[in-house]
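Biologist: Could we go through this model together? I would like to start with the core and then move on to other topics.

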Amino acid sequence: MNRLLITICGRAGSKGFKNKNLKNFCGKPLVYYSLSAAELFIQKHPELEVDIALNTDSEDLARLVAAEYPEVIYLPRGAELGGDRVPKVEVYKDSFARMEARTGRQYGAMIDLDITSPLRTEQDIENAFAKAQQREDLQIIFSVCEARRNPWFNMVKTVDDHVEQVCRSEFTGRQQAPDVYDVNASIYVFKRDFLASNTDGMLWRGKIGISVMMDTGIIDIDSEHDYLLMEAIAQHLYAHYPEFNAVRENIRGE
C-alpha cells in the first residue's frame, strides 16, 4: 500500500445549510481543515506516494482550494453525480478511477475526508489508516464515535399507536448490551479491491472495520445551529487538546 489517494468531495449548494462547503470555520475556510489534517498525515509518512484530489461540481470550492493548496488535483464532477440522491460511493469510485487513469498507476487504498468535519486530528487519520494496514481482510474502515444510546437498551421505535424497543432484549443495564457506534462520516478508508469491484453503490457490501474518534468533535453540519455549536466546541478543544489546535495552526494562508 505504498501509493495512496486522499479525496475531498463536496457538492455545490446544500438544502440544509446553503453553501456550507464554502463557509469559514473559526476564521478559516472549512475545507482547509481537512487539507491541513491530510498534510500533517502525509508529513508523517514519507514512505508513501500520496495524491490529493478534490471532486466537486463547485467552481467556487475548486478556486478556494487552489488558492492555498495548488497541489490538489481538481476533478470536475459531472451532472450525473451531482444530485443529492446519488450514492456517495459512486463519487468515491469516480474519483478513484479518474485518478488512476490520470496518473497511469494503481493506488492501494483511498482515504476520504469529509469537508464538514473540521475537528478531526491527524491521529484520527493515522488510526484509521493503521487499522486498514493491520487487517488485510478488511475492505473498508469507517470512523465512528461511541453511541450515547443503545438500541438494545434505551432506544425505542414507533409501532402503530405505541413504542417498543428497537431491538428486543432482557438487558437491565446498558453495559450488558452489545457495543454500538455512530458512523460519523468523517473518515473512510477504502481498499482498492472494494472500489474496483463495487457495482451497486452500497457501502455495506464490503467487510468493514471501525476506528473510534472522540464524539465531542463530530457533529454533522447540516444547519446554521450545527455550525455555531461546532465553533463553540472548537474553542474548548483548541484550548485543551493540542492535537486539535495543531490542525488549525497548520492551515495555510493568513
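Modeller: The largest nonpolar core has 49 residues, and F25, L35, I111 and L119 have the most contacts inside it. A nonpolar core here is a set of buried Ala, Val, Leu, Ile, Met, Phe, Trp, Tyr and Cys residues joined through side-chain atoms within 4.5 Å. Buried means under 20% relative accessible area, exposed over 50%, and partly exposed in between, with a 1.4 Å probe and protein chains only.

Biologist: Which helix gives the most to this core?

Modeller: Helix 1 does, with nine residues. Helices (H or I, at least four residues) and strands (E, at least two) are DSSP runs, numbered from the N terminus.

Biologist: Is there another core apart from it?

Modeller: A further core of 21 residues lies apart from it, and L81, M99, F142 and F194 are among its members.

Biologist: Before we continue, what kind of model is this?

Modeller: This is a predicted model, in which local features need pLDDT of at least 70 and side-chain atom pairs count only at pLDDT 80 or more, while totals for chains, interfaces and linings use all residues. Residues are numbered from 1 along each chain as its sequence is written, and side-chain values use heavy atoms, with hydrogens and water left out.

Biologist: Back to I111, then. What is I111 in contact with, leaving aside neighbours within four places in sequence?

Modeller: I111 is in contact with L4, L5, I6, T7, F41, I125, F129, I187, Y188 and V189. Contact means heavy atoms within 4.5 Å.

Biologist: And how many bridges join strand 6 to strand 10?

Modeller: Strand 6 (residues 109–113) and strand 10 (residues 181–191) run antiparallel and are joined by five bridges. Opposite A109 stands K191 of strand 10. Strand 10 also pairs with strand 7 (residues 140–146), again in the antiparallel sense, over six bridges. Two strands pair if DSSP finds at least two bridges between them.

Biologist: Which residue in strand 10 is the bridge partner of C145?

Modeller: The partner of C145 is D182.

Biologist: How many disulfides does a search of the whole structure find?

Modeller: The search finds zero, a disulfide being a pair of cysteine sulfur atoms within 2.5 Å.

Biologist: Why is C145 without a bond?

Modeller: The closest cysteine sulfur, in C26, is 18 Å from that of C145, which is too far for a bond. C145 counts as buried because its relative accessibility is 5%.

Biologist: And C167, how far away is the nearest cysteine sulfur?

Modeller: That sulfur belongs to C145 and is 20 Å away, and C167 is in no disulfide. With 22% relative accessibility, C167 counts as partly exposed.

Biologist: Changing topic: which residues of helix 2 are buried?

Modeller: In helix 2 (residues 59–68), L61, A62 and V65 are buried. They lie on the same side of helix 2 because they cover an arc of only 100 degrees around the axis, the arc being that of the directions from the helix axis to the C-beta atoms. E59, R63 and A67 are exposed on the other side of helix 2.

Biologist: What do the buried residues of helix 2 pack against?

Modeller: They pack against strand 1 (3–10), helix 1 (30–43), strand 4 (49–56) and strand 5 (73–76).

Biologist: Finally, how many helices and strands are there in the chain?

Modeller: The chain has seven helices and eleven strands. Of its 254 residues, 48% are buried.
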